[in-house]
Amino acid sequence: MTQELQAPLAGSPPVAPSDRSAPAAQSPAPSGRGAERARRILLRVGGALVTLLIAVTIAFALGRMSGDPTSTILGPMASPEQREALRAELGLDQPLIVQYLEYLRGIVTGDLGTSLQFYQSNTQMIADRLPYTLQLVGAGMLLAVLVGVPLGVLAATREGTWWDRGASALALLGQSVPVFWLGMMLVLLFAVKLDLLPAGQSGSPQHLVLPALTMALYPMAHIARLTRATMSEVLREPFIDAARARGLATRQVVWRHGFGNAALPVLTIVVLQTGTLLSGAVAVEYVYSWPGLGQLALQAIQFRDFPLVQAIVVFGAITFVLLNQLVDVLHALIDPRLR
Amino acid sequence: MANTLEQGTAAGSGRRPGTPPGDGGTGPVLEITDLVIEHRRERSREMFRAVDGVSLAIGAGETVGVVGESGSGKTTLAMAATGLGATGSGGLRLLGRDLRALRSRELRALRPEVQVVFQDPHGSLDPRQSVRSGLRELRGLQPERTSWIDDEALLEQVRLAPELLDRYPHQLSGGQAQRVCIARALVMRPRLIVADEPTSGLDVSVQADVLELLRASQRTAGASMLFISHDLAVVRSICQQVHVMFRGKVVESGPVDQVFTDPQDPYTRRLIEAMPGARWRARR
């Protein structure tokens, strides 16, 4: 029996000769691959630093273009001498390049200046407010992912059905409702009419519900639409049919092979949206008097507290660049082709 | 190696666990009678028959070819035979069981018996899955059924180096990827292998090797094969029976040599005349 088996196998060469020459990944020198990887990482980090420099420079320039802060602080009745004194105190009498270099030195050492209205370290104030914003954004994004992804997958696996239409309509609605309006409506319903949840401020888990819900709606809709689009594309791939043919359960086919391959763009959006929300949850924080970064930014702008505005912008830029790097790393983790 | 191979054959000779009930092991592996599958055209929305009254049967260990131009309905036929696509109307029995009467659960339990090798080997592998984890996934489906061979020996059987186990699809050539697909089919010890144009996506230089491998492994595993191709020379080299399809209908069928040397239908004759002569002689 063994002989009969080996006969057909022995008929052809042990390894097809033409297969040897095929892809570049066949036999790369290990050291070459390591060097290539190091080069790529260096390039990536360098690119991130350049992006960061451009962002903080723009923040600096905008701060100088927004008018003379001394007139805001001292009012219109102040004498020129008083103004000069304040300008000297704030370092505004220095040449622009000196101010700029001083500003960069501060960023590197973690000193983002002092607020004009609170007379406190900006870094400290951001650090104080950040936990609140993180709470809000974290809860909001979690909700958005937990609802948006299954909704998108549901729509994609039932393309063309009422499930799909319902999910898509919901997503469209979610993307078009203004956040501040939604916030006010939720307050009216749950806080004023039903008296179930607090209308604003922070302190307990109940306080988090409405703001997180409000914050979640837009990213949820975005995630649902994107998931549906990429999933319905992936589900048409031949390896999906192949997985079914091999006898895998639908759940495994849809989630492991389908969503596994659709997750990349979704994850990218999740991370980048998180970045946007971290520095820009202004409307939600305002509606719910949530003591986070968004409200701090609003106060800073209203008072023309340019060092604080600048500090928040710089913080946002750093967050965004870091999250972008995280996206790159996640891509490599998820997709072996990008390693 | 000899040991694992022997086990492979032993498995092919009918003494296999998990053989579905209702199958005496003697009847045809696949039996299609008067199958009609209709599709709706995208543009005009009118119905057309992709498969129009096709009948064919595949006995144990037999290789049956279906040949025809693209659009002749052969892939629709193959997808129906595996229960993957529309099943239409008419008789459709796999291992003695009516495919349409099966619940999705039962159909899934039957799937390991029928393994498909697709045209595009890269397309039919999940880009995020290494060769090893793909095999692990299949072994997880039916541990006892797949335990007859380990990964290394399996790769050896499809003539791939064991180092390739940790490769991802994009790191494989077309021929290697198709060998991986064949390995994944073999590990389940199927009763029927459906090969849908398994070599037409490959470089010509690799085609012959993959074909030879397919034939050898089918014989080793004792499985039957439904071989779909537009390439008559390939069909002739691998099949015993052939069905020629044209616009959804089988226009001619019979033993492969008879059909090729004495074609009765004008369409078959045209197909054979259109074959590249040099290749035709080389195959003979």
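This passage describes a strand arrangement in chain B of a predicted model and two loop residues with positive phi values.

In chain B, four strands are arranged as an open sheet in the order β2-β1-β4-β5, with antiparallel pairing. The edge positions are taken by β2 (47-58) and β5 of chain B; because each has a single partner strand, one side of each is left without a neighbour in the sheet. Strands of a sheet pair through backbone hydrogen bonds, in either a parallel or an antiparallel manner. Between β4(B) and β5(B), which run antiparallel, there are two bridges. In this part of the sheet, Leu94(B) lies opposite Arg97(B) of β5(B).

The connection between β4 (89-94) and β5 (97-98) of chain B is a loop that contains Leu95(B). The phi angle of Leu95(B) is near 50°, a positive value in a residue other than glycine. Leu95(B) has 22 C-beta neighbours inside 10 Å and therefore counts as buried, the threshold for this class being 20 or more.

A positive phi near 50° is also found at Arg247(B), again a residue other than glycine. Arg247(B) is placed in the loop between β9 (241-246) and β10 (249-255) of chain B. For Arg247(B), the count is 15 C-beta neighbours inside 10 Å, so this residue is classed as partly exposed. Thus Leu95(B) is buried, whereas Arg247(B) is partly exposed, and phi is positive at Leu95(B) and at Arg247(B).

Methods
Residues are numbered from 1 along each chain as its sequence is written. Chains are lettered from A and ligands numbered from 1 in the order in which they are written. This is a predicted model: local features need pLDDT of at least 70, side-chain atom pairs count only at pLDDT 80 or more; totals for chains, interfaces and linings use all residues. A residue is buried if 20 or more other C-beta atoms lie within 10 Å of its own, exposed if 12 or fewer, and partly exposed in between; C-beta atoms are placed from the backbone. Two strands pair if DSSP finds at least two bridges between them.
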